Every structure is written in C-alpha cells, then in structure tokens.
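Visitor: I would like a close look at one glycine, then at the fold that surrounds it. Please take me from the single residue outwards.

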Amino acid sequence: MLIDNAHISRTALQNKVAVVTGAGQGIGRETARILTHLGAAVVIAEINETTGQATEQIIRADGGQALFVHTDIADAASMEQMRAQAIKTFGKVDIFINNAEAVVFKAVIDHSIEEWDRVFAVNLRSVLIGVKLFLPEMLQRKSGVIITMQSAEGMPYLSAYLASKVGLRSLALSLAAEVGDGNGVSVYCFGPGMVDTPSAQKAARELGPLYHVTPEEFIRSSAPGGKMTTVEVCATGLVGTILFAPDFHGQGDAHYLYGLGKLELDVDGEPIRTTETVVETPRTFVSSTSSLGAVPLNRKMEEVVRGNQKEYESLSMFQKPVIKRMFQQGTGLKVEEWIARAEAMTRALETGTTTVQMRADYIQLLQRMIAYITKQESDARGWIKDPKQLDIALAALVERKATAQELANALKEVEKNVTS
C-alpha cells in the first residue's frame, strides 16, 4: 500500500473505530482498507449488500477488522441500527467519514421534487443524523474525527448534487465552530478532487453527451493534467488528514494533497525527495518612507493577484472553484476582492488619503498572503516532481512573497513617519 511509503506505524490507529458510509466501492472502500491496515476497526455502512459484503471480505482477508452493516444513511432508524451494531461489536466510534453520495444528472427544471429530496437526504440530511448519533460521545471522550466530503460548484446538470455538497462544506464549518478548539474532536470537509471511481466514470458517460463531448474528452478537460487521481492516492491523502486531524479542524477544503503532504508523500503517493531545491531570494527592496514610495510596490502586488486570477481562469471546471476557494480561505478575500482592495490602496497611496486603520487592515491582509504563499511553497515541493518545473514554480512564489513582504514593510515605514 502507498501508506507504507509514509513510514507510519502499522499500529497508528490501533483501538480506533471508524464508520465509513458508502464503503462498498471507490474512495470509501480504499479508505476503509487503509484504516484497517493501520490497525483501526471499520464499520462499512453501505446500502448495497453485494459491494458492502465484498469490502468486508477484502479487509478480513488482509487480516483487518471490518463489519458490514446494511444501511440506508438517509433513514434515521437505519442509522440508529447501524450505530447499535457498531457499539455492540467494537464498543465505540472514533471516526465518522461521510463518504456515501447520491447524484442525478439533469437540468434543474427537469428534477422531480422526489429526486431532489432524495439527493439532499443522502448527501446532507444523513450527516446530521450521524453527527447526532456519534458526536456527543466523542465530546465526552474528548476524542474524535468527523469528515464531510465536498465537490465542485455550479456545474450544469449537477445542481442537486453540488448544492448538497456546498451544504456539506458549510455544515462542517458551522459544526467545527460549535465544537471549538481544544476539545479533542476535529471536524472538517475533505476535498477528494476528481478521482477514478465507478461514480466518476458514470458521470463522464452521462455528462459527456450533455456537454457535447465524449466521456474521454470530458475527463481530459476536467481532471488535472487530463488524468483522474487514483482511488488509492486519494484515500491515502484522506487517511493522512485523519492521522493529523487537529491540523485540519475547521477547514472547508482539506484537499487530499494536503494529507499527502503531511505524510511527506508527493502527488503520486511516493516519498518526497529529500534534496530541497534552492532558489535565490530576490533583492530586498529598500522602501521609501513616504506613501508614494509604496505605490510601485502596491502596483506590483496588484499584478501578483491578477496573475493568480489568470492562472485560475485556465483551470478546468472542476479545479477552478476548489483552487479559488483555497485562495479565499488562505488570504482572507476572494481573488476579485483582493484586486479591488489593492486598486483602492493604490489610489489612496497616490492621493495621500490612507488612514491608520486602512493601512493596518491592509498589512494584515498582506501577512495572510505571505502565509498563504509560504504554504504554496511547501505544497509545491510535494506536488511537482520535475526538478525544472519545481525551480520555476518556487522562483515565482518567492518573488510573489517578497513583493508582499516588501510592501508590508513599506507601509509600516509610512506608519512610523506618521506617528513620529
């Protein structure tokens, strides 16, 4: 298994019990396999008896602990029965992964109310049921992990599915805030990306004609590099977030690559090479002590953010909303809002109309931008395997970070002059 590349102990999850909904195939099955490989016991909450039993048999054949429970996750009584069997067999539940999903490929106006309600019941209502069943005991033990799964946003012919997935992200953020920090329970929304599962292949077959492309063309235009992520790579990243769950608490898009990064694995699940690429840091700009001295730097900052926007526009329909959301979470603003704020700051600097509060707020945004770019540098070392491409990417990121830092320093100098 790829998880063995991470030098994680085979007993890392010993005595832990996980419930994985929809574990009969795809990401759910592979996640269950990896969890048991690391010592956990897994409850397979699956509505399909054939695939659910198959997952149980695969895990047991590998020496792991697994229990298949026929479960309709949209039905409260069925979920309560599943929980009772889990507690009877394993005594507790430490990890609750909401992986099961329902999807309908239709235009909004073609959905029946019954179809719409079923999608939301499976994808969203079920999580509420599970949270009410498992969270109280997790809080009592001060130990637990609850994960929802998000997707893209606003694609045609996927309205009910994607609307419910947006709801899952919002639900995770709300629940994480209510749980709070320091209680031993981590809640976050996981981003699997476009993964080669039976569900994804079905989506390509059904959405391709609706988009007037072949299934193969749909995949090439939607997946990073034209190729879907393997189930094992994605599931390994998901387990990586579980092993470091407190670091992901409260996140709305804990991408599988972040989990791989925590395991020190690259985009293919291979160990990250130990020889770091050295990039020369650009010359430090000597700031003027006047507001006008910060103007050229802020114009450069505008171009940095516009560069981000241009990069995002070149992404696929699946990648774009995820990456833009990561930018907003990391920097504090949407990319369009960042550009507007930077342009407003340039005008204020040119006219000498900046205020103490305006400068302080902008410096805080710049500091968030610096932290975001620093994380991008770390991610790049795990994601980009080609040394030349890595050098190019790191050089661009170092330049962007230097611009943000120099501008922050320039504005701090303005502040010193105003107060002196």
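Visitor: In which strand does Gly 144 lie?

Guide: Gly 144 lies in strand β5, residues 144-149. Two notes on the source come before the details. This is a predicted model, in which local features need pLDDT of at least 70 and side-chain atom pairs count only at pLDDT 80 or more, while totals for chains, interfaces and linings use all residues. Residues are numbered from 1 along each chain as its sequence is written, and side-chain values use heavy atoms, with hydrogens and water left out. Helices (H or I, at least four residues) and strands (E, at least two) are DSSP runs, numbered from the N terminus.

Start with the glycine. Gly 144 has a relative accessible area of 7%, so it counts as buried. Buried means under 20% relative accessible area, exposed over 50%, and partly exposed in between (1.4 Å probe, protein chains only). Contact here means heavy atoms within 4.5 Å. Beyond its neighbours within four places in sequence, Gly 144 touches Asp 94, Met 138, Gly 184, Val 185 and Ser 186. Take Gly 184 from that set: its C-alpha atom is 6.6 Å from that of Gly 144, although 40 residues separate the two along the chain.

Now the sheet. It is open, has 7 strands with parallel pairing, and runs in the order β3-β2-β1-β4-β5-β6-β7. β5 therefore sits between β4 and β6 in that order. Two strands pair if DSSP finds at least two bridges between them. The edges belong to β3 (65-70) and β7 (254-255); each has a single partner strand, so one side of each lacks a neighbour in the sheet.

Move along to β1 and β2. Strand β1 (residues 17-21) runs parallel to β2, and 5 bridges join them. Val 17 faces Ala 41 of β2 across the pairing. Val 20 stands opposite Ile 44, also in β2. Strand β2 covers residues 41-46, and 6 of its 6 residues are buried. In a regular strand, side chains alternate between the two faces of the sheet. In β2, both faces are covered: Ala 41, Val 43 and Ala 45 are buried on one side, and Val 42, Ile 44 and Glu 46 on the other.

Val 42 leads to helix α1. Thr 36 is in that helix, residues 26-37, and is in contact with Val 42, Ile 59, Gly 64 and Gln 65, leaving aside neighbours within four places in sequence. Thr 36 is buried, at 11% relative accessible area. Its side chain reaches the backbone oxygen of Arg 33 at 2.9 Å.

Next, the cores. A nonpolar core is a set of buried Ala, Val, Leu, Ile, Met, Phe, Trp, Tyr and Cys residues joined through side-chain atoms within 4.5 Å. The largest has 43 residues; Leu 35, Ile 97, Ile 147 and Tyr 188 touch the most other members. Helix α8 (residues 231-243) gives the largest share, 7 residues. A second, separate core holds 38 residues, including Ala 86, Leu 135, Ala 160 and Val 179. Ile 97 shows how the first is knit: beyond four places in sequence, its contacts are Val 19, Val 20, Thr 21, Thr 31, Leu 35, Ile 147, Leu 238 and Ile 242.

Back in the loop after β5, look at Tyr 157, which lies between β5 and α5 (159-179). Tyr 157 is no glycine, yet its phi is positive, about 70°. With 29% relative accessible area, Tyr 157 is partly exposed. His 7 also has a positive phi, near 60°. It is found in the segment before β1 and is exposed, at 74% relative accessibility.

Finally, the whole. The protein has 14 helices and 7 strands. Of its 420 residues, 49% are buried. Among contacts with a separation of 6 or more, 74% join residues 24 or more positions apart. The C-alpha atoms fill a box of roughly 70 × 50 × 40 Å along the principal axes. The radius of gyration is 24 Å, which agrees with the value near 22 Å for a compact globule of 420 residues. That radius is taken over C-alpha atoms, and the globule rule is 2.2 Å times the number of residues to the power 0.38.

Notes
A polar contact is a pair of N or O atoms within 3.5 Å; within protein, one must be able to donate a hydrogen and the other to accept it, and residues adjacent in sequence count only if both atoms are side-chain atoms.
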